[in-house]
Amino acid sequence: MSRRRARPRLRLSLALQGGGAFGAFTWGALDRLLEEVGLELDVVSGASAGAINAVLLASGLASGGRDEARANLERFWSAIATRGMRKLFAASELVVATTSQMSPYEFNPLDLNPLRASLLRGVDFAAVQRSPIRLLIAATRVKDGAVRLFETRSISLEVVLASACLPRLHHAVEIDGEPHWDGGYGANPPLLPVVAASHTPDVLLVSVIPTEHRDLPVTKSQIEMRLGQITFNGPLQKELESIALMRKLIRQENGPTSGLGRKIERLRLHHLSAEDYVDGLSELSILSTDWDLLSHLRERGRTAAERWLSRAYEVRPQNRT
């Protein structure tokens, strides 16, 4: 496969937000980043769809390098748009819209989950554990709402399913005897942990959940969609506010007093937001698996990454390491 001309080396950590089908935007961004010969990835965190993209990336890199990682992502997202998967996700969307009084233990007693088979086909979890990148995958512990972060060597199929477990659609996923739900409720994506673990000050946040909504939601489905967007953006907003506050305190104290403080002071946080590149994103469903939508999101993700890379190399030479 042909490569683009290599530019100066850039070391980067990633924080990948979850958001169902909107994760195809992240697929596109990763696809473009993997073409960049001079780009080296350090730590990658994710929740929900962000976690899925992270393990697809890690599995591909460990199994066959950049080309295999790109192919791995494409195979997974293409499979999501197959007729059988579309039917399963359409049924899930109908359940969300019509069965607000029923739990998944009632309407889905066998806990049928189309992601399980797709992940088993697309991810070599033994390869993930020897991947050249380090992973941080978030899940939410049901009993106390605490965020659990799973590092590379502890990541399994059940960890990823837990990270993507929407409690209105699927049974809680047990890990070490503890039930877990979607990681997006507590860390979407884990951001401060990436900063703490990263060996580079450059961290790229890829967010896919809309933060703004143009019109007042008035129907039941509109209200529920907007509440979901606010809920899954909440943890990220809190982490961004925490980083801003820590920077302010560091300035007031005339310098950092801890290792994390030094990393916060040096941090160069970059941001790719899907809503900046996809018109009408806040009106779309995260459960849609229509190929036209997924491929559009992918192309917009590639465009976003291309534009960011141009700025990173040409406008911000200090990002070269």
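# Rings, cores and charges

W27, F76, W77 and W291 come together as one aromatic cluster, and that makes a good place to start our walk. Please keep in mind along the way that this is a predicted model.

Let us look at the rings one pair at a time. The structure has five aromatic pairs by the ring-centre rule. In one of them, F76 meets W77 edge-to-face, with 5.5 Å from centre to centre and 85° between the planes. An angle over 60 degrees is what earns a pair that label. F76 is buried, at a relative accessible area of 6%, and W77 is buried too, at 4%.

A second pair has another geometry. Y185 and F232 have ring centres 4.8 Å apart and planes at 40°, so this pair is tilted. What does this pair tie together? Y185 sits in the loop between β6 (178-182) and α8 (192-197), while F232 belongs to helix α9 (residues 220-252), so the contact links parts that are 47 residues apart in sequence. The two partners can also be placed by their accessibility: Y185 is partly exposed, with a relative value of 33%, whereas F232 is buried at 13%.

From the rings we can move to the nonpolar interior. In soluble globular proteins, nonpolar side chains tend to be buried together. Here, the largest nonpolar core has 68 residues, and L14, F25, L57, L119, L135, I155 and W308 have the most contacts inside it. Which element gives this core its largest share? Helix α2 (residues 49-80) does, with 13 residues.

L119 is a handy residue from which to look around. Setting aside neighbours within four places in sequence, L119 is in contact with I52, F76, F125, L157, V160 and L161. F76 is thus a familiar name, as this residue is in contact with L119 and also belongs to the aromatic cluster. Apart from the largest core lies another one, of 13 residues, which includes V43, V203, I243 and I264.

Now for the charged side chains. Side chains of opposite charge can pair when their charged atoms come close. How many salt bridges does the structure hold? There are 20 salt bridges.

R32 is worth a longer stop. R32 forms a salt bridge with E36, in which the closest N and O atoms are 2.9 Å apart. Are the two partners buried or exposed? E36 is buried, with a relative accessible area of 2%, and R32 is buried as well, at 1%. R32 also forms a salt bridge with E306, where the closest N and O atoms are 2.5 Å apart. E306 is in helix α11 (residues 291-314) and R32 is in helix α1 (residues 23-34), so this bridge ties together parts that are 274 residues apart in sequence. Unlike the buried R32, E306 is partly exposed, at 28% relative accessibility.

For another example, turn to R141 and D144, a salt bridge whose closest N and O atoms are 2.8 Å apart. Both partners count as partly exposed: R141 has a relative accessible area of 21%, and D144 has one of 44%.

To finish, step back to see how bridges combine. Through shared partners, salt bridges join D31, R32, E35, E36, R70, R298, E299, R302 and E306 into one network. R32, E36 and E306, the residues from our longer stop, are among its members.

Note on methods:
Residues are numbered from 1 along each chain as its sequence is written. This is a predicted model: local features need pLDDT of at least 70, side-chain atom pairs count only at pLDDT 80 or more; totals for chains, interfaces and linings use all residues. Side-chain values use heavy atoms; hydrogens and water are left out. Rings of Phe, Tyr and Trp (its six-membered ring) pair if their centres lie within 6.5 Å; planes under 30 degrees apart count as stacked, over 60 as edge-to-face and the rest as tilted. Buried means under 20% relative accessible area, exposed over 50%, partly exposed in between (1.4 Å probe, protein chains only). Helices (H or I, at least four residues) and strands (E, at least two) are DSSP runs, numbered from the N terminus. A nonpolar core is a set of buried Ala, Val, Leu, Ile, Met, Phe, Trp, Tyr and Cys residues joined through side-chain atoms within 4.5 Å. Contact means heavy atoms within 4.5 Å. A salt bridge is a side-chain nitrogen of Lys or Arg within 4 Å of a carboxyl oxygen of Asp or Glu.
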